[in-house]
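Colleague: Could you take me through one part of this model in detail, namely the surroundings of the bound ligand? I would like a connected account rather than a list.

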Amino acid sequence: MHTNEKIIAPLAKPSEPTESGTPALPGRRRFIRKGTLLAVSAAIGAHLPFGRFLPDGIIPVALAEGDAPGKDSLEVFGKRPDLIVLGDRPFVAETPAHLLDDDVTPVDKLFVRNNGLVPAPMADADAWVLRIDGEAVRAPREFTLKELESRFKAVTLQIGLECGGNGRSGFQPPAKGSQWTYGGVGFPEWTGVRLADVLREVGVTDKAVYIGYEGDDLHLSGDSKRPVISRGCPIAKAMEDETLLAWAMNGEPLRQVHGFPLRLVAGGVPGSVTGKWLKRIAVRDKVHDGTKMGGHDYRVACNPIAPGEQSDDYCILEKMPVKSLITFPQSGSQHPQGTEIEVRGQAWTAERGVRSVEVSYDFGQSWLPAKLGRARNRFAPTRFRIALKLPKKGYYEIWARATDDSGITQPIVAPGWNTGGYGNNQIHRIALRSI
Ligand SMILES: Nc1nc2c(c(=O)[nH]1)N[C@H]1C(S)=C(S)[C@@H](COP(=O)(O)O)O[C@H]1N2
Ligand SMILES: [Mo]
């Protein structure tokens, strides 16, 4: 039997008692077999006292009789049942576009992307320390959460979070990995301190090139020595005003599944840059070489390739392309002929801002300008809306395309096929019927 030092518990809120009625202490270890129990107990939503005796491949009756396993995991992780589970182990779920219609995405609607297993919550977050070290810091330092809170100015910003693989299912030939459609994205509000303030206090030398993070999650193999993911970003991005060490989302402590007690947040980057359960940041004197920084992970061909081709040369995807989503009405809805339909959505970019959003109901033959709201801050989404009257009864597709201030517009087809299936920002389309 494989044993492991870490506790794996599919708990939702850190402040909530565990299934045994008392908060899980870091010292209370639970044995698991190859991480399977997490998935099983997550799916059932309960601790399995004799779970380690459950033979591999035997499905607990509770699951066989209930909904699909993923549905139960959603509940355990505090997510709405109408999110789409893309994988149970690691747990990955996306948000249908019509659930992203809030100005600020509520936590129960926010997508989840884990690469490993969710660590058990700490009963005492005060014991958490973040270590800052690496070749390019003057002297390594550790900070408790209290020190971060008291020593630096706290800021609250709305910053979009999007998985680098969002849109992957649109690539042909298919790219391996979670088959995201459009919903590997969300727009929460984060509270924390600026990473730049902390790095300035620690002292960064001019050798600094990149930062790399380490989180506290556990590899799917159950081997606590194997890192799950350790990525980062160029030092210039790390020093931006919108790059945060965040402890709260939408005014509440981070949920366990989203990185409690501390995570990295940055704007316009693939979500994989935003390390959850953040234990360490290294300021590197070279491009960070942690797990999932090489090969096809979050890297695309440096020069364009034909779909299905391999490249000799891969470059890190450091910026997410401009994108928009139609969040209202819901695709598939029916509308009485002649009524005005308000179409609404979200648009976002890694650049300074969204310049325009255009909407079409005639398969892109003509485009109408939508009204834009104001993004709350850089990297917050821009809301768009437009009232449409469809000319006659029948089937329509509503298309939306955003253009950012660099002049780049979303393409109609998936751009830049790449082996890992990253960065697909093709336009979002919904179906409507005028009846
Ligand atoms: N420690 C750790 N951080 C992580 C990950 C992970 O698996 N482990 N997944 C990354 C990826 S790929 C994405 S898209 C975002 C997803 O954040 P969310 O699950 O809070 O939505 O977290 C990132 N941070
Ligand atoms: Mo991701």
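**The surroundings of ligand 1**

Modeller: Among the 20 residues around ligand 1, those that come nearest are N115, D217, H258, R263 and K276. Please keep in mind throughout that this is a predicted model, and that the distances below are computed from its atoms.

Three of these residues can be described by their contacts, beginning with N115, which uses its backbone: one of its backbone N or O atoms lies 2.7 Å from an oxygen atom of ligand 1. D217 instead uses its side chain, where an N or O atom is 2.6 Å from a nitrogen atom of ligand 1. H258 likewise offers a side-chain N or O atom, which is 2.6 Å from an oxygen atom of ligand 1. As for cover, ligand 1 taken alone exposes 530 Å², and the protein buries 100% of that area. In keeping with this picture, the place where ligand 1 sits is the largest cavity.

Turning from single contacts to the shell as a whole, the residues around ligand 1 comprise eight nonpolar, eight polar and four charged ones. Strands contribute to this shell as well, since β3 (112–113) and β10 (210–215) each supply at least two of its residues.

Apart from the ligand, one covalent link deserves a mention: the structure holds one disulfide, formed by C302 and C315 with their sulfur atoms 2.1 Å apart. The link is right-handed, with 110° about the S-S bond. Because C302 lies in the loop between β16 (299–301) and β17 (314–316), while C315 belongs to strand β17, the pair ties together parts that are 13 residues apart in sequence.

Definitions and conventions:
Residues are numbered from 1 along each chain as its sequence is written. Chains are lettered from A and ligands numbered from 1 in the order in which they are written. This is a predicted model: local features need pLDDT of at least 70, side-chain atom pairs count only at pLDDT 80 or more; totals for chains, interfaces and linings use all residues. Side-chain values use heavy atoms; hydrogens and water are left out. A residue is near a molecule or strand if one of its heavy atoms lies within 4 Å of it. A polar contact is a pair of N or O atoms within 3.5 Å; within protein, one must be able to donate a hydrogen and the other to accept it, and residues adjacent in sequence count only if both atoms are side-chain atoms. Accessible areas come from the Shrake-Rupley method with a 1.4 Å probe; for residues, only the protein chains shown count as cover. On a 1 Å grid over the protein atoms alone, a cavity is a set of points where a 1.4 Å probe fits but cannot get out, and a pocket is an open set with protein on both sides within 12 Å along at least five of seven lines; lining residues have an atom within 4 Å of a point. A molecule sits in a cavity or pocket if more than half of its atoms lie within 2 Å of its grid points. Helices (H or I, at least four residues) and strands (E, at least two) are DSSP runs, numbered from the N terminus. Ala, Val, Leu, Ile, Met, Phe, Trp, Tyr, Cys and Pro count as nonpolar, Asp, Glu, Lys and Arg as charged, and the others, Gly among them, as polar. A disulfide is a pair of cysteine sulfur atoms within 2.5 Å.
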